[in-house]
Amino acid sequence: TDISLEKAYGLSMKHALDAIVAAGGKVSGDRVTIRTQAVAPVAYEKGFEGLAVAQKVKSGAVLNDGPFELAFTGCGIVVECPVNKSDDGEYVAQIELTLDGNSETLALPYKFKTRKTDAYWNYDLPEGPHTIRLELKNPVDSVAVTLRDVVIYKKE
């Protein structure tokens, strides 16, 4: 770039002062007055309405060592399963997840810009007993795929 850091700081300050004036504030020399607004409450918003945590299972199971299976009772589940310690930034863990006999393949990339720690979630299960199984289909020595937590939900 052909802009100096000092010039970038100056432009940032100019934009901030312009925004203050546009919102009804005042700038006089080195004094800035920011117009305040009255505090107004926002509408209450409840996440996961009708659900409550029934159980949190701290697993620590390493899927490289073999499949993980869990029987649980509830109406929802979140599986936290990050991909760790990869020498290959392009690695994508392929995990076969089977829930109550229905299978799907989860793709969990190692890359920090695209990875996620919550490998699977489902908040719409019928209330009752369920079984989940996870199996790493493409293990490599430089990667540890660790099942960290499983959160089970119930109806409130």
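Q: Buried means under 20% relative accessible area, exposed means over 50%, and partly exposed lies in between (1.4 Å probe, protein chains only). Which side chains of β4 are buried?
A: Phe 68, Leu 70, Phe 72 and Gly 74 are buried and point to one face. Glu 69, Ala 71 and Thr 73 point to the other face and are not buried. In general, side chains of a regular strand alternate between the two faces of the sheet.

Q: How do you know what kind of model this is, and how its residues and atoms are counted?
A: This is a predicted model, where local features need pLDDT of at least 70, side-chain atom pairs count only at pLDDT 80 or more, and totals for chains, interfaces and linings use all residues. Residues are numbered from 1 along each chain as its sequence is written, and side-chain values use heavy atoms, with hydrogens and water left out.

Q: What makes a stretch a strand or a helix?
A: Both are DSSP runs, numbered from the N terminus: helices are H or I with at least four residues, strands are E with at least two.

Q: How do you know that β4 pairs with β10?
A: Two strands pair if DSSP finds at least two bridges between them. Seven bridges join β4 to β10 (residues 128–136), so they pair. The two run antiparallel. One of the bridges links Glu 69 to Arg 133 in β10.

Q: What makes β7 and β8 partners?
A: Eight bridges join β7 (residues 92–99) to β8, in the antiparallel sense. Pairing needs at least two, so they pair. Leu 99 has Asn 102 of β8 as its bridge partner.

Q: Why are β4 and β8 called edge strands?
A: The open sheet has four strands in the order β4-β10-β7-β8, with antiparallel pairing. β4 (68–74) and β8 (102–109) each have a single partner strand, so one side of each has no neighbour in the sheet. Neighbouring strands are turned by 25° against each other on average, direction ignored. For such angles, axes are lines fitted to C-alpha atoms (for helices over the stretch in contact), and angles run from 0 to 180 degrees between N-to-C directions.

Q: Why is Ile 152 called buried?
A: Its relative accessibility is 0%, under the 20% limit, so Ile 152 counts as buried. Ile 152 belongs to β11 (residues 144–155). Contact means heavy atoms within 4.5 Å. Leaving out residues up to four places away in sequence, Ile 152 touches residues including Leu 70, Phe 72 and Gly 74.

Q: What makes the link between Thr 98 and Ser 103 a polar contact?
A: A polar contact is a pair of N or O atoms within 3.5 Å; within protein, one must be able to donate a hydrogen and the other to accept it, and residues adjacent in sequence count only if both atoms are side-chain atoms. The side chains of Thr 98 and Ser 103 are joined at 2.8 Å, so the distance fits. Thr 98 lies in β7. Thr 98 is at 17% relative accessibility and therefore counts as buried.

Q: Is Asp 100 buried, partly exposed or exposed, and how do you know?
A: Its relative accessible area is 39%, so Asp 100 is partly exposed. Asp 100 sits in the loop between β7 and β8. Its phi is near 55°, a positive value in a residue other than glycine.

Q: How do you know that the span of α1 agrees with expectation?
A: The expected span of a helix is 1.5 Å times one less than its number of residues. For the 18 residues of α1 (residues 5–22) this gives 26 Å, and the end C-alpha atoms are 26 Å apart, so the two agree. Just after α1, Gly 24 takes a positive phi of about 100°.
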